[in-house]
Amino acid sequence: MHHFSYKNGILHAEDVSLEEIAKKVGTPFYCYSTATLERHYTVFKQVFDGIDTLICYAMKANSNQAVLKTLANLGSGADVVSEGELRRALLAGIPPEKIVFSGVGKTSFELKAALDAGILCINVESEPELHNLSRIASEMGKEAHVSFRINPDVDAKTHDKIATGKSENKFGIPLKDAERVYAEAARLPGVKPTGIDMHIGSQITDLQPFDNAFSRLGALIRSLREQGHAIDHVDLGGGLGIPYKHDNLPPPDPQNYAKVVRHHVESLDCRVIFEPGRLIAGNAGILVGEVIYVKQGEAKTFIIGNVGMNDLIRPTLYEAHHDVLCIEEKKSDAEWITADLVGPVCETGDYIAQDRSMPLMKSGDLFAVLSAGAYGAVQSNTYNTRPLVAEVIVKNNVYEIIRPHMSVDCIINIDNIPKWL
Ligand SMILES: *Cc1c(COP(=O)(O)O)cnc(C)c1O
């Protein structure tokens, strides 16, 4: 569900014409819809009515402060994975007591920053990290509240690059080591285990892996409590998938996911934390580009646009599908072709869509790449000395630039030429 639709033949974000924004801001640009962000957050929150929940939006999906603030205003917390993200979250008004910190490689500097900020919980992912945190917190005279991220060894049945809960993945502590690690933490100074955590992957469209993982976690919580650990919260991570293709069966909606969650947590009597990222932001954003050339190759037709893999890496990195729409709605008698929508980057992997049936576009035509709100702008880079593109957010009939187009100077000027040259 999202708020990008045609009005009078022009694609709009809520009540704002994307053609208008393109004229004023210039392409390419990411465009986010406030109503869609709010709806996704609210729907997810509501399906857990009656349970003590905290939603810690996984801000790595989209960390623009305007997005964060929109969610913070609804009561959202944040799941951060770096000191930089922690700072952004705090600046956007997310209170420290609603922030959890995930990641396999938190540095001493990052752990200190988390302790200084007084965040809700640090999700520890290894024994070396536990010992480092214990040392740092003791030196600071603080007690760190920790959860251990448990790797339940379940196959999330998603793309290999976004599966995180299998035994061969780098994430979390193996289930079989969990009791020993909790016992170790209880002995160490400066750390207090208060919760338990998991996150088995992203774009998960089958509820069975969640069901399996939650049941393993539930059993572990029961034995940890028997061993005297006061587990007051369980963090079930994120990972619920979203529809990327308009003609596909939708993935399990939050209602069905909530049924699975309730089945496992209702008897646990503890607070439940969620870390959804993609579910909140994915379909709340699009990437708008412009056709540069239409090139008739020997074997294929190439629509060459001004958005490349540096702007949106998901198609080539995850073999991801993104629907593409023309900003000007095509008439029913428009000519349709099968073509590749590619960018200008000098890489064969630089494509947005391959062998896609789409209306024939011409130079100057505007198009929208849908479902680009999560893991889009945040993964963009300046490869080929291509500046980061602008980001815009719409609310009803107004919009604002929330990150301007970066200038080429900005990229070039950070180079330093050594004195000997
Ligand atoms: C990436 C990530 C998430 C969010 O995953 P989504 O699929 O975007 O919901 C949540 N928790 C952790 C620890 C993550 O690394």
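What follows is a chat about a predicted model, covering its ligand site, two helix pairs and some backbone details.

Reader: Hi! Let's start with the ligand. How many residues surround the ligand, and which are the closest?
Author: Happy to help. The ligand is surrounded by 14 residues, and the closest are Lys60, Ser202, Glu275, Arg278 and Tyr375.

Reader: What does the side chain of Lys60 do there, in terms of distance to the ligand?
Author: One of its polar side-chain atoms sits 2.8 Å from an oxygen atom of the ligand.

Reader: And which ligand atom does Asp79 face?
Author: That one is a nitrogen atom, lying 3.3 Å from a polar side-chain atom of Asp79.

Reader: Cool. Is it the backbone or the side chain of Gly277 that comes up to the ligand?
Author: The backbone: a polar backbone atom of Gly277 is 2.9 Å from an oxygen atom of the ligand.

Reader: Switching to helices. At what angle do H8 and H9 cross?
Author: Roughly 15 degrees, and the axes come within 10 Å. H8 covers residues 207–226 and H9 covers residues 254–265. Angles under 35 degrees count as roughly parallel, so H8 and H9 are roughly parallel to each other.

Reader: Is that crossing left-handed or right-handed?
Author: The crossing of H8 and H9 is right-handed.

Reader: Which residues meet there?
Author: From H8, Leu207, Phe210, Asp211, Phe214 and Ser215 take part, and they meet Asn256, Tyr257, Val260, Val261 and His264 of H9. By class, this contact has six nonpolar, three polar and one charged residues.

Reader: How do H7 and H8 pack?
Author: H7, residues 178–187, packs with H8 at an angle of about 40 degrees, and the axes are 11 Å apart. That angle makes H7 oblique to H8. The crossing is right-handed.

Reader: Who's touching whom in that pair?
Author: Ala178, Glu179 and Tyr182 in H7 meet Leu220, Ser223 and Leu224 in H8. Those residues divide into four nonpolar, one polar and one charged.

Reader: New topic, backbone oddities. Is the peptide bond from Thr27 to Pro28 cis or trans?
Author: It is cis, with omega near -5 degrees. Pro28 belongs to the loop between helix H1 (18–25) and strand S4 (29–33).

Reader: What about phi at Asp355, and where is that residue?
Author: Phi of Asp355 is near 45 degrees, a positive value in a residue other than glycine. Asp355 is in strand S18, residues 351–359.

Reader: Last one: what is phi at Ser371?
Author: About 55 degrees, so to speak a positive phi in a residue that is not a glycine. Ser371 is in the loop between strand S19 (366–369) and strand S20 (390–395).

Conventions:
Residues are numbered from 1 along each chain as its sequence is written. This is a predicted model: local features need pLDDT of at least 70, side-chain atom pairs count only at pLDDT 80 or more; totals for chains, interfaces and linings use all residues. Side-chain values use heavy atoms; hydrogens and water are left out. Axes are lines fitted to C-alpha atoms, for helices over the stretch in contact, and angles run from 0 to 180 degrees between N-to-C directions. Helices (H or I, at least four residues) and strands (E, at least two) are DSSP runs, numbered from the N terminus. Angles under 35 degrees count as roughly parallel, over 145 as roughly antiparallel, 65 to 115 as roughly perpendicular and the rest as oblique. A crossing is left-handed if the near helix is turned anticlockwise from the far one by less than a right angle, and right-handed if clockwise. Contact means heavy atoms within 4.5 Å. Ala, Val, Leu, Ile, Met, Phe, Trp, Tyr, Cys and Pro count as nonpolar, Asp, Glu, Lys and Arg as charged, and the others, Gly among them, as polar. A residue is near a molecule or strand if one of its heavy atoms lies within 4 Å of it. A polar contact is a pair of N or O atoms within 3.5 Å; within protein, one must be able to donate a hydrogen and the other to accept it, and residues adjacent in sequence count only if both atoms are side-chain atoms.
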